[in-house]
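Trainee: I would like a close look at one single part of this structure, taken slowly. Please start from that part and then show how it sits in the rest.

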Amino acid sequence: MSSKKINFNNTNIKISAGFLKQVPKDLPHVVFSGRSNVGKSTLINKLTNQNKLARTSSSPGKTVTLNFFDADKTFYLVDLPGYGYAKRSETERKKWSDLVEGYFRNYSEHIKLVVQLVDLKVGPTEDDLNMLDYMDNYGLDYVIIATKADKLNKTNKEKNLSELKSDNPDHEVIAFSSLSGEGVSEARGYISGIIRGL
Ligand SMILES: Nc1nc2c(ncn2[C@@H]2O[C@H](COP(=O)(O)OP(=O)(O)O)[C@@H](O)[C@H]2O)c(=O)[nH]1
Ligand SMILES: [Mg+2]
């Protein structure tokens, strides 16, 4: 890869894939994973300076598609459908696991990084911990983004952050707030480093 700076603003929707065979294979993937409502779409919009690229929705978990955005013709940002959405029907749950597990199984060589979102106030849920285990077991590289950092006071923020860090000593943990913009340039820098290092 060249050392050219990645222009995150130059990001466009490539495809909303409801089927595995639609997954694009021409560029490396950076996957955004986390439970519904943790802030995946918001983070993608902040990283790319676009308000409506990845939809942020008040009815989370509605769509079961893998959304691919090409970033500067260099890599794909992949917005996964969130897990842990209680109101999902049995049929939708099955569709979720077929699609997401099938994606991780079949496209692992394309996945260069998983950006794992954890709500900094809520802390890691059981589903989050399962996801971290899964990535450890399958050797997927990941960075943890602790979202909604603005919802905590300074003391609790530092406390929860240092817990996340000490529980995940081998991984970068970045605090993020869509309100203050904290963590945005750090996250861009981390992703760029991975992509440029390929
Ligand atoms: N206060 C605050 N709210 C956030 C932040 N990030 C996301 N949200 C809100 O959390 C809700 C869910 O965000 P969304 O991006 O749709 O989550 P997704 O389901 O993971 O894609 C929305 O109402 C967002 O405005 C943040 O950093 N701070
Ligand atoms: Mg979303």
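Mentor: The part chosen here is one strand, followed by its neighbours, the chain as a whole and the ligand.

The model is a predicted one, in which local features need pLDDT of at least 70 and side-chain atom pairs count only at pLDDT 80 or more, while totals for chains, interfaces and linings use all residues. Residues are numbered from 1 along each chain as its sequence is written, and chains are lettered from A and ligands numbered from 1 in the order in which they are written.

The strand is β6, residues 142-147. Helices (H or I, at least four residues) and strands (E, at least two) are DSSP runs, numbered from the N terminus. Is β6 enclosed or open to the outside? Because 6 of the 6 residues of β6 are buried, the strand is largely enclosed by the rest of the structure. Here a residue is buried if 20 or more other C-beta atoms lie within 10 Å of its own, exposed if 12 or fewer, and partly exposed in between, with C-beta atoms placed from the backbone.

In a regular strand the side chains alternate between the two faces of the sheet. In β6, Tyr142, Ile144 and Ala146 lie on one side, and Val143, Ile145 and Thr147 lie on the other. Both faces are covered, since these residues are all buried.

Which strands pair with β6? Two strands pair if DSSP finds at least two bridges between them. One partner is β5, which joins β6 in the parallel sense over 6 bridges. Two places show the register: Val118 stands opposite Ala146 of β6, and Asp119 stands opposite Thr147. The other partner is β7 (residues 173-175), which is parallel to β6 and joined to it by 3 bridges. There, Ile145 of β6 stands opposite Ile174.

The links between these strands pass through helices. β5, helix α3 (residues 126-138) and β6 form a right-handed β-α-β unit. A right-handed unit is also made by β6, α4 and β7. A crossover is right-handed if, with the strands pointing away from the viewer, the path from the first strand over the helix to the second runs clockwise.

Just after β6, the loop that leads to α4 (154-167) holds Lys148. The phi of Lys148 is near 60°, a positive value in a residue other than glycine. Lys148 is buried because 21 other C-beta atoms lie within 10 Å. Asn49 makes a useful contrast. Its phi is also positive, at about 60°, and it is not a glycine. Asn49 sits in the loop between α1 and β3 (66-71), but it counts as partly exposed because it has 13 other C-beta atoms within 10 Å.

Now take one step across the sheet to β5, residues 111-119. Of its 9 residues 8 are buried, so β5 is also largely enclosed by the rest of the structure. Besides β6, it pairs with β2 (residues 29-33), which runs parallel to it and is joined by 5 bridges. In that pairing, His29 has Ile111 of β5 as its bridge partner.

The whole chain gives the setting. It contains 5 helices and 7 strands, and along the sequence they follow the pattern β-β-α-β-β-α-β-α-β-α-β-α. The radius of gyration is 16 Å, close to the 16 Å that the globule rule gives for 198 residues, so the chain is as compact as a globular protein of that length. That radius is taken over C-alpha atoms, and the globule rule is 2.2 Å times the number of residues to the power 0.38. Buried residues make up 34% of the 198 residues. Among contacts between residues at least 6 apart in sequence, 76% join residues at least 24 apart; a contact means C-beta atoms, placed from the backbone, within 7 Å.

Last comes ligand 1. It is surrounded by 20 residues, the closest being Gly39, Lys40, Ser41, Thr42 and Ser178. A residue is near a molecule or strand if its C-beta atom, placed from the backbone, lies within 6 Å of it. Helix α1 (residues 40-47) supplies the largest share of this shell, 3 residues. By class the shell has 4 nonpolar, 12 polar and 4 charged residues, where Ala, Val, Leu, Ile, Met, Phe, Trp, Tyr, Cys and Pro count as nonpolar, Asp, Glu, Lys and Arg as charged, and the others, Gly among them, as polar.

Notes
Two residues are in contact if their C-beta atoms, placed from the backbone, lie within 7 Å.
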